[in-house]
Amino acid sequence: MTVALGALLMAGVAPAYVPAAAAATTAAPAATETQKALKAAATSGKPVEVLGERTEFTTTYANPDGTSLRLDQSAVPVRVKARGGSWVTPDATLESRPDGTIGPKAAVAEVRFSGGGEQTALATIAHGRHSMRPAADARPLRGAPE
């Protein structure tokens, strides 16, 4: 019984036979963006940005040693996503928009100030799936100066 169990265990971990023709047609997995950046940095001798890792607050670089990465992180946004998906420099300059609202040219959060009128919120701030705006009939809290 012990011999049969040992043979069964060995069969479970033994490599399977793969014909040479089948092994030759198996393609190696494609290199990731990070692996490509590491190779480019090693070849050039200069840091190479890993673009897929870019965020509003971080920039990741492949180092020239070809094996390590560097993360530069900022407390404030260094770039923001534009409507078309490209990255742009943050710009708090207010502009009028086609829908009549006013907001910054480029910000991490969607900020809209009313262009006037009674049916619009004074301001709306949205980021991701979250948004907030003061209610149309907002009143000061009890005890707060009016």
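## A loop residue to start with

Let us begin with Asn63, which sits in the loop that joins β2 (58-62) and β3 (69-73). The model you are looking at is predicted. Asn63 has a relative accessible area of 16%, and because buried means under 20%, Asn63 counts as buried.

What does Asn63 touch, once residues up to four places away in sequence are set aside? Its partners are Leu38, Ala41, Ser68, Leu69 and Arg70.

## The chain as a whole

With that first residue in view, here is the wider layout. The protein chain holds three helices and 10 strands. Following the sequence from its start, you meet the pattern α-α-α-β-β-β-β-β-β-β-β-β-β.

Of the 146 residues in the protein chain, 14% are buried. The accessible surface of the chain is about 11,500 Å², and carbon and sulfur atoms account for 60% of that surface. Contacts along the chain can be described too: among those between residues at least 6 apart in sequence, 14% join residues at least 24 apart.

## The largest nonpolar core

In soluble globular proteins, nonpolar side chains tend to be buried together. In this model, the largest nonpolar core has five residues: Ala37, Leu38, Ala41, Val50 and Ala62. Which element gives the largest share of this core? Helix α3, spanning residues 33-44, supplies three residues.

Ala62 is a good member of the core to visit. Ala62 belongs to strand β2 and is buried, with a relative accessibility of 0%. Beyond its neighbours up to four places away in sequence, Ala62 touches Ala37, Leu38, Ala41, Lys46, Pro47, Val48, Val50, Ser68 and Leu69. One of these partners, Val48, lies 14 residues from Ala62 along the chain, and the C-alpha atoms of Ala62 and Val48 are 5.2 Å apart. Leu38 and Ala41, both listed in the core, are also among the residues that Asn63 touches.

## The largest pocket

Now for the empty space. Rolling a probe the size of a water molecule over the atoms shows where such space is left. The largest pocket in this model encloses about 360 Å³. Its lining has 20 residues, and those closest to the pocket centre are Lys81, Arg83, Lys105, Ala107 and Glu110.

Which elements give two or more residues to the lining of the largest pocket? They are β4 (80-81), β7 (102-106), β8 (110-113) and β9 (123-127). The largest share, three residues, comes from β7. By residue type, the lining divides into 11 nonpolar, two polar and seven charged residues.

## Ala106, in strand β7

Strand β7 also contains Ala106. Is Ala106 buried or exposed? Ala106 is buried, with a relative accessible area of 14%.

If you leave aside neighbours within four places in sequence, Ala106 is in contact with Val80, Val88, Thr89, Pro90, Asp91 and Ala92. Ala82 makes another useful reference point: Ala106 and Ala82 are separated by 24 residues in sequence, while 7.1 Å lies between their C-alpha atoms.

## Leu122, an exposed leucine

The last stop is Leu122, in the loop between β8 and β9. Its relative accessible area is 65%, and because exposed means over 50%, Leu122 counts as exposed.

Leu122 still has partners beyond the residues up to four places away in sequence: Arg112, Phe113, Ser114 and Pro134. Among them, Pro134 is 12 residues from Leu122 along the chain, and the C-alpha atoms of Leu122 and Pro134 are 7.1 Å apart.

Terms used: Residues are numbered from 1 along each chain as its sequence is written. This is a predicted model: local features need pLDDT of at least 70, side-chain atom pairs count only at pLDDT 80 or more; totals for chains, interfaces and linings use all residues. Side-chain values use heavy atoms; hydrogens and water are left out. On a 1 Å grid over the protein atoms alone, a cavity is a set of points where a 1.4 Å probe fits but cannot get out, and a pocket is an open set with protein on both sides within 12 Å along at least five of seven lines; lining residues have an atom within 4 Å of a point. Grid points are joined across faces, edges and corners, and a volume is the space filled by probe spheres set on the points. Helices (H or I, at least four residues) and strands (E, at least two) are DSSP runs, numbered from the N terminus. Ala, Val, Leu, Ile, Met, Phe, Trp, Tyr, Cys and Pro count as nonpolar, Asp, Glu, Lys and Arg as charged, and the others, Gly among them, as polar. A nonpolar core is a set of buried Ala, Val, Leu, Ile, Met, Phe, Trp, Tyr and Cys residues joined through side-chain atoms within 4.5 Å. Buried means under 20% relative accessible area, exposed over 50%, partly exposed in between (1.4 Å probe, protein chains only). Contact means heavy atoms within 4.5 Å. Accessible areas come from the Shrake-Rupley method with a 1.4 Å probe; for residues, only the protein chains shown count as cover.
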